[in-house]
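User: Could you take a close look at the charged side chains and the pockets in this structure? I would like one connected account that I can follow with the model open beside me.

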Amino acid sequence: MFGLSLLVSGLAWWLGLYLLARDPRKPLLWWAGAGLISYAAVIVVPHPVLVGLPALAWTGAILLLSRPALIRWWIFAVVPFLAVSLWLPWIVLLPLAVATALAIGKRTYFSLVGVMFGLSAGAFLLGLLPDAITLPSLGFDVVVFGILVAVTDAVEEGEAIRADMVRSLVIAGFTAVLFGSQVVLFGGPQLLVYTTVAAAIAVQVLANPLAAAVDRLAVPAVAAERAELREAAESLPKRLPLVTDDPAEFARLTRKALSHYGDLGKLVASPLIALTEEAPPLDRAAQLKSLLLTSIQRLKPADGDFGTSDEWRYYNALYFYYVKGIRPYSVRTKREDLDAEDRRALQWFVTQVPERTLHNWQNAAARLVAADLMAGVGSA
């Protein structure tokens, strides 16, 4: 029983950290990762309140996938539900059931996993079956859910997932066995085995973020360059082959590449890298960045340096947002290095262009950039 619990806990812990490490800026990965990590804690301390944490976290993840407009309401509802679960542990199953029902027809496979998890969690909370049955059942559900989230995110990013995930699992598993077995062989307590395995996995999965934090303290002058090199190396297994016979998919990949315009490490994983000449990965990413800039500049009207008429909107939506890095709707962004043209563009975005309108313009402009890139492929 201990061996099975250790395996399930370690697997959930690894997958939760893997999701968080994929992109810490994505709320979906945070919700799903929190559910997996909290389940790993449930294995060590099988308290009814802890069982509710994965249910609450995955309610948020399912809402983000199926009804994203509701997530801001759920953020405020999490704490009250968690507080009530101290007296009524089963209460956490109600929002999960609602979210699962709302996902039917939109994210049906997540609905199925939500039902499976709800049944297993209900059996545990109500004491209908022994913990030896319900906890592994919960483990199967949480791992399937985590894998589905990882695959969904990879498809959205236009990335391969299997090689990267297997590589991470093998390295984390090897390290966990190496250090955990030593504690077992020397007769250490079970809690020490769990914590040793968890620490070994965390050090491997979070190696890049930890290295980046150390670099910022120890070698700040080259921290950004070292981070870019590490991200480029991590991105290589994620690259998919480029398919140019599907204009809609090509446009989607172009839109994604534009969103990573300022991040060469991310561009290394873009399938559009196939449009560049053979060279080291970062050099090819720089070539792709140059191709994108050239296509964006072709959208610029010939009548002046800056304008706000309709013919300027697609160029402005891409150039100032991605190339110049202006984020007009972010309250956390303060730029002191803007020139006169940039300040005019920023003022125009803030006062005249709703955020949703800018998003629509960027989608339309990305299709134009994709058509330009495909024309270049056809003429090559």
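What follows is a walk from the overall fold to one lysine, then to the pockets and the salt bridges.

Analyst: Happy to. Please keep in mind that this is a predicted model. The protein chain holds 17 helices and zero strands, and 44% of its 380 residues count as buried. Among contacts between residues at least 6 apart in sequence, 65% join residues at least 24 apart.

Let's begin with the lysine. Lys266 sits in helix H13, which covers residues 264–267. What is the nearest side chain of opposite charge to Lys266, and how far away is it? It is Glu231, at 4.1 Å. A salt bridge requires a side-chain nitrogen of Lys or Arg within 4 Å of a carboxyl oxygen of Asp or Glu, and Lys266 has no salt bridge although it is buried. Leaving aside residues up to four places away in sequence, Lys266 touches Arg22, Asp23, Arg25, Glu231, Ser235 and His260.

Glu231 leads us on to the second largest pocket, where it is one of the residues nearest the centre, together with Ala21, Asn208, Pro209 and Glu234. This pocket has a volume of about 800 Å³ and a lining of 30 residues. H13 is among the helices that each supply at least two residues of that lining, and the others are H1 (2–22), H8 (162–185), H9 (190–205), H10 (207–218) and H11 (223–235). The largest share, seven residues, comes from H11. By residue type, the lining divides into 14 charged, 11 nonpolar and five polar.

H10 and H11 are also joined by a salt bridge: Asp215 in H10 and Arg230 in H11 are 15 residues apart, and their closest N and O atoms are 2.9 Å apart. Are these two partners buried or exposed? Asp215 is buried at a relative accessible area of 5%, and Arg230 is buried at 16%.

Now for the largest pocket, with a volume of about 1,800 Å³. Its lining comprises 39 residues, and those nearest its centre are Arg25, Lys26, Glu156, Lys256 and His359. Arg25 is also one of the residues that Lys266 touches. The lining divides into 16 charged, 15 nonpolar and eight polar residues. Helices that each supply at least two of them include H2 (27–44), H7 (131–157), H12 (247–259) and H17 (355–379).

Which residues are linked in a network of salt bridges? The members are Arg22, Lys26, Asp153, Glu156, Glu157, Glu159 and Lys256. Lys26, Glu156 and Lys256 also appear among the residues nearest the centre of the largest pocket, while Arg22 is among the contacts of Lys266.

Two further pairs belong to the total of 14 salt bridges. Asp342 and Lys324 meet at 2.9 Å, N to O. Asp342 lies in helix H16 (residues 340–352) and Lys324 in the loop between H15 and H16, so this pair ties together parts that are 18 residues apart in sequence. Asp342 counts as buried at 3% relative accessibility, whereas Lys324 is partly exposed at 23%. In the other pair, Glu278 and Arg284 meet at 3.6 Å, N to O. Here Glu278 counts as exposed at 71% relative accessibility, while Arg284 counts as buried at 10%.

To come back to your starting point, Lys266 is buried without a salt bridge, whereas Asp215 and Arg230 do form one.

How values were computed
Residues are numbered from 1 along each chain as its sequence is written. This is a predicted model: local features need pLDDT of at least 70, side-chain atom pairs count only at pLDDT 80 or more; totals for chains, interfaces and linings use all residues. Side-chain values use heavy atoms; hydrogens and water are left out. Helices (H or I, at least four residues) and strands (E, at least two) are DSSP runs, numbered from the N terminus. Buried means under 20% relative accessible area, exposed over 50%, partly exposed in between (1.4 Å probe, protein chains only). Lys and Arg count as positive and Asp and Glu as negative; His and the chain ends are not counted. Contact means heavy atoms within 4.5 Å. On a 1 Å grid over the protein atoms alone, a cavity is a set of points where a 1.4 Å probe fits but cannot get out, and a pocket is an open set with protein on both sides within 12 Å along at least five of seven lines; lining residues have an atom within 4 Å of a point. Grid points are joined across faces, edges and corners, and a volume is the space filled by probe spheres set on the points. Ala, Val, Leu, Ile, Met, Phe, Trp, Tyr, Cys and Pro count as nonpolar, Asp, Glu, Lys and Arg as charged, and the others, Gly among them, as polar.
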